[in-house]
Amino acid sequence: MHILAVLLCLAGAFFFLAGTAGLLRFPDSPSRLHALTKADNLGLGLIVLALVVTSSSLAVALKVILVWLLALAASTSICFLLGQSMLRQDQRQDQ
Amino acid sequence: MQTFYLGVAAFLLLTMVVGLIRIFRGPRQEDRLMAMQLFGTTGVAVLLLLAAAFDASSMRNAALIFAVLAVLAVAAYARGPNRREKEIK
Amino acid sequence: MSLAPIFDILLITALLLVSWRLLGNSDLFQAAVLFISFGLFLSLAWVRLQAPDIALAEAAVGAGLTGALLFATLKIVEPKQGRSKNGAQPKSCRLDRAAECPGRMHYILASIFVLGLAGLLLTAVFSLPDTANGLAGLTSGFLAQSGVEHPVTAVLLNFRLYDTWLELGVLLLALLGVLGTRDRLGPQNVTAAQPPNPVLSWLVRGLAPFMLLATVYLLWLGDHAPGGAFQAGVVLAATLVLLWLAGLGSVVRMPRHAWLFSLVAGFSAMLVLALCTTLAPDAVALAYPQSWAKALILLLESVATISIGVILASLTVLVLAGEGEANGAGAAETDGKNGM
Amino acid sequence: MTHMLWVVLLPFLGALCCLILRGRAVAGTGILFSLAVLAVCTNLLPGIWTQGQIRVELGGWAAPLGIGLHLDGLGTFFLLLTAIVGVLVGLYAAGFFAQDKKHNAMGRHFWPIWLLLWGGLNGVYLCSDVFNAYVLLEVTGLSAVGLTVLSKTTASLVAGLRYLLAAMFASLMYLLGVGLLYAACGQLDFVLLGQDMTQSPATLTAFGLMVFGLLVKTALLPFHFWLPPAHSSAPAPVSAILSALVVKASFFLLLRIWFTVFPALTGQAGSSPVLPPGLFLGLLGGLAVLWGSLQAVRQIRLKLLIAYSTVGQLGYLFLIFALLSVSHGAGGGPSGATDWTAMAWTGTVFHVFSHGLAKAALFLAAGCLALAMGTDDLNAMRNIAGRMPVITFTLAMAGVSLMGLPPSAGFVAKWMLLRAALASGQWWWAVVIILGGLLTAAYVFKILAYTFVPSQDETVPLRPVPPAMTLTALALALLCAVSGFRAEEVIALLPHGLDGSPLSAQGGSP
Amino acid sequence: MTTFHLYSFAAMLLAALGVYGLITRRHLLRKVMALNIIAGGAFLLLISTAYRNQGAFPDPVPHAMVLTGIVVAISATGFALALIQRIQKQLGQRPDQEAGDENPDQTETSRSGP
């Protein structure tokens, strides 16, 4: 059980690392946004999974999952809003 | 297990510190907001890990609020074109 | 636990780095983003130092409300933020005439002063003992008589209720101050100057029930665990602001009387308690009747939550609305259609 | 006996009523509550007279855990000053905000904020807890800013913002000090902290930070930058409140912090530091007296002149720290020292009182002039003496008190300070006091000279000023003079004030 | 170096940095942020002070003080930002004009136009 949690945690940490690397290394904003949306949700998801596996009670597990779902919804919308805002500006600059 | 969680939390914190560079550099405002968004999610992960490490359930509530309210700032930023800008067009 | 110091040092580095950069660079937008990150790092520090109560409040205030306030002000102070072709900042916002063109001398003097201050502060802190109990012993000793089980709530709502009462007064005053500079009396019908983003509306529709539930949950939690009126209040405020941003009504659609009543409810509830306990011949001022303490504290907390939420939300909405205050008819219609 | 919490409760209750009511009822309610607060304050007087000091533990929790309220003679003086000025300014405001529609809108906001401010000020005078004092500082600070920006002119908004930033900075410095103090001592009550105060880097730094914050709030010389624009650009009744009352509250806290919380560090409890910090404060105060008065002489706008005069007059208050630091630092027996220690206290308290009344009278009179003439430029005031004799008389009476000429209350204050300075062998403070008096005379005569200059065109129409406004200004100025004529009675009250004043508060147990 | 000392050092450095920013930065918005950093320093000092308690929970009194402080800080910040906005609006037009008779749209638009 613990080994599974450790592995999941490490994988999650790796995704966060990848997200940060993408944020820093990718050349332009849209590709950075793409990297970000995937990395952080997956990273958080894996860590949440690890915590669920080792959680002491069902309530804790459910709460952690709820946090993940809310974060997922919020971050998806944020990324959408940001993308839209970038698009709008690019259009304006083209005009 | 506690030490391990703390270690992962510290590692995530490190990625956050490194990610600060994107906020410093920009160049677009959206890049900075993206980095902030990544911070938010990483922060939620750190909070959850610390909650597990210290066995404090109230920290999960903080994580929950964090997860949701990160929207607020971005929503305030991305409020569509200003009335002013529309008039210019 | 040997990893804890590494975590601490990283966190402190982040805090100092962010605040240094925030004050140092020229781009205000970047400073605003850094300020929100500062709030985030700070709440990690609260969690690390076992202050979940503070972390809860900071999560809503630092990451949510402050960020919204700053971005809104930036939109007006620097309308061309980011995509500036002429990066000049408007002169008008540098009101400090002495610092209008600060010479080298200004910086040198400031540096000397601040270095002295920092030296003084560090020496002072260095001399402090590692362990001290403060008032923790007394608090836990009297916890049983306070009517609640969570020590922070006991301090806020019972042992130091007077401070909490005055602090609600401070909140009320901030809003009154803002209203005093406006031409109208409240945030009624103040709308964002543009139609709400459909994705945001959709998201907020989904989230709002959760947030309102979280408000009630935090309020209920305060009795025996971290949570309580302040945390619930700021979460409520953030939710109300989010609702407004999504064009879903919020404080701007409250009838004037209901709105006014919610503003003063928390402050007045404590005022009534103070009045009753001062008037009653054998009562001690601001003391709960022993058997009623629990119920009264819960009542006061609920009312205070509403007040804190509505006051902070009105304040933020007024700042967010900014120049959009003179609402366009179109926006008002959209708002009306979507109103909850 | 009246419970002392009433002086906080009543203004707050009034504020809520004014917030909920609309229309003409607001001003009436405000005045009604003002009178009630005055009545309560007067009612507290006998208790203080007989008992010296009263202490109440709020919520029934004794001091280290709960918050105590503590009223003594000193606090009663400040309460009474606030109540007297408050009632008269309230009556004035009723006229002032009834001028036109714009002022009506201002008045609607004025009353709730002012009554909240009043409650906060009264809270300060009862305060006995360092953190409670922080919250009260915020209450008074935010409400003072809220009142400053009421007129919505750009000048007042800018001044208000500067005031707000200075006030926030001051209270944060104070809070930092509170944090250090709590970290070092583990408690927050004034008296308890004072009883086992020790000298350590932490407590010394805490002392420095708290005093620094309060100095910024009280606008002592290098930190006065926010005061003149804020006090001069606010509406007249607000200027009167800010100058007469609000700065006095932070001064009061400074007295408390200095003499009650840190007696060991300020040379009060025998041990004398090499360089008494009081001397430093006295020096700044002396400079403020000279510099502020000099600036006042140079102004050509009446309200700005009066505001700079506040900077100067506040300087006198800080002389007490220098006077008393030497007295106790010398370690001489209290028998020799008490005589002029009491004089220094009497002079300072009297100065607070007389300056409060005189400055309120001046600002209210300036408000009347501005209303009549549409400007507060001194050049526009030619021949005003003939056309508005009551107002000119008010200006003269208040000016006489500021200068410290014999029959007025200001005279008693300055005379006492002078005697204390000479009796304690610190003649240089006497020089400062006399020089300050001369400079004050210069700007007072400058105002009066303008009003008597005959003007070429007599035809500039004056707007009529409601008698409620002129008469309240006159009443304040006369009160100032009368309390000077009746100096013996007021001084007779002071020993009772001194019983509870910080000097002897150390002896009494909470 | 104990946890308390580490964090209280950081708190003091933050406060000093904030003071430096407040003195040297010209833009009002940044002054407001600097004030908030000082506040963060003060809060951090209080919370790390509370952490020293050896008992079952940290000293709750500083926690209560910081909660009060946070709400005070956000309300003062909101007030300051509202004032900054209002000033900007009025200065964007003609300085020292009465606020009552203004038309916010006209001058704003012309000023921000390309």
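# Worked exercises on a predicted complex

Helix 1 of chain B, residues 2-25, holds 24 residues and covers 36 Å from its first C-alpha to its last, close to the 34 Å expected at 1.5 Å a residue. Everything here comes from a predicted model, for which the predictor reports an ipTM of 0.92 and a pTM of 0.92.

## Exercise 1: the end of a helix

Work out how the expected span of helix 1 of chain B is obtained, and find which residue just after this helix takes a positive phi.

*Solution.* Start with the rule: the expected span is 1.5 Å times one less than the number of residues. For the 24 residues of helix 1 of chain B, that gives the 34 Å expected, and the model has 36 Å. Next, step past the end of helix 1 of chain B: Gly26(B) has a positive phi of about 75 degrees.

## Exercise 2: is chain A a globule or spread out?

Use the radius of gyration to decide how chain A compares with a compact globule.

*Solution.* First, take stock of the secondary structure: chain A has 3 helices and 0 strands, in the order α-α-α. The globule rule gives 12 Å for 95 residues, but the radius of gyration of chain A is 17 Å, well over that, so chain A is more spread out than a compact globule. Then look at the axes: the C-alpha trace of chain A spans about 60 × 25 × 10 Å. Finally, check burial and contacts. Of the 95 residues in chain A, 42% are buried. Among contacts in chain A with a separation of 6 or more, 60% are between residues 24 or more positions apart.

## Exercise 3: the makeup of chain C

Describe chain C by its elements, its burial and its contacts.

*Solution.* Count the elements: chain C has 12 helices and 0 strands. Along the sequence, that reads α-α-α-α-α-α-α-α-α-α-α-α. For burial, 57% of the 340 residues in chain C are buried. For contacts, take pairs in chain C at least 6 apart in sequence: 73% of them join residues at least 24 apart.

## Exercise 4: two sides of chain E

Which helix of chain E gives the most to the side that touches chain C, and which gives the most to the side that touches chain D?

*Solution.* Take chain C as the partner. The contact uses 70 residues from chain E and 81 residues from chain C. On the chain E side, at least two residues each come from helix 1 (3-24), helix 2 (28-51), helix 3 (60-92) and helix 4 (104-112). Helix 3 of chain E gives the most to this side, with 26 residues. Sorted by class, the side of chain E that touches chain C has 43 nonpolar, 19 polar and 8 charged residues.

Now switch to chain D. Here the contact takes 31 residues from chain E and 24 residues from chain D. Helix 1, helix 2 and helix 3 of chain E are the elements that give two or more residues to the side touching chain D. Helix 3 of chain E gives the most to that side, with 14 residues. The classes on the side of chain E that touches chain D are 21 nonpolar, 6 polar and 4 charged.

## Exercise 5: strand 2 of chain D

Why is strand 2 of chain D described as largely enclosed?

*Solution.* The cut-off for buried is 20 or more other C-beta atoms within 10 Å. In strand 2 (residues 68-72) of chain D, 5 of the 5 residues are buried, so the strand is largely enclosed by the rest of the structure. Split the strand by face: Gly68(D), His70(D) and Asp72(D) are buried on one side, and Leu69(D) and Leu71(D) are buried on the other. That split follows a general pattern: in a regular strand the side chains alternate between the two faces of the sheet. Then pair the strands: strand 1 (residues 53-57) of chain D runs antiparallel to strand 2 of chain D, with 5 bridges joining them. In one of these pairings, Gln53(D) has Asp72(D) as its bridge partner.

## Exercise 6: Ile31(D), buried or partly exposed?

Classify Ile31(D) from its C-beta neighbours, then list its contacts beyond four places in sequence.

*Solution.* Ile31(D) sits in helix 2 (residues 25-51) of chain D. Inside 10 Å there are 17 C-beta neighbours, so Ile31(D) counts as partly exposed. Leaving aside neighbours within four places, Ile31(D) is in contact with Gly90(D), Leu91(D) and Ala94(D). As for Gly86(D), 55 residues from Ile31(D) along the chain, the two C-alpha atoms are separated by 9.3 Å.

## Exercise 7: confidence in chain D

Where in chain D is confidence lowest, and where is it highest?

*Solution.* Begin with the average: chain D has a mean pLDDT of 87, and 90% of the residues score at least 70. Among its elements, helix 21 (residues 502-505) of chain D is lowest at a mean of 40, and helix 5 (residues 130-148) of chain D is highest at 96. Next, pick out the weak stretches. Residues 328-335 of chain D stay under 50 and have 8 contacts beyond four places in sequence. Residues 497-510 of chain D are also below 50, with 41 contacts beyond near neighbours in sequence. Where pLDDT is low, the predicted coordinates should not be read in detail.

Methods. Residues numbered from 1 in each chain as written. Chains lettered and ligands numbered in written order. Predicted model: local features only at pLDDT ≥ 70, side-chain atom pairs only at ≥ 80, totals over all residues. Helix = DSSP H or I, 4+ residues; strand = E, 2+ residues; numbered from the N terminus. Buried ≥ 20, exposed ≤ 12 C-beta atoms within 10 Å, placed from the backbone. Contact = placed C-beta atoms within 7 Å. Nonpolar A, V, L, I, M, F, W, Y, C, P; charged D, E, K, R; others polar. pLDDT = per-residue confidence, 0-100. Pairing = 2+ DSSP bridges. Rg over C-alpha atoms; globule rule 2.2 N^0.38 Å.
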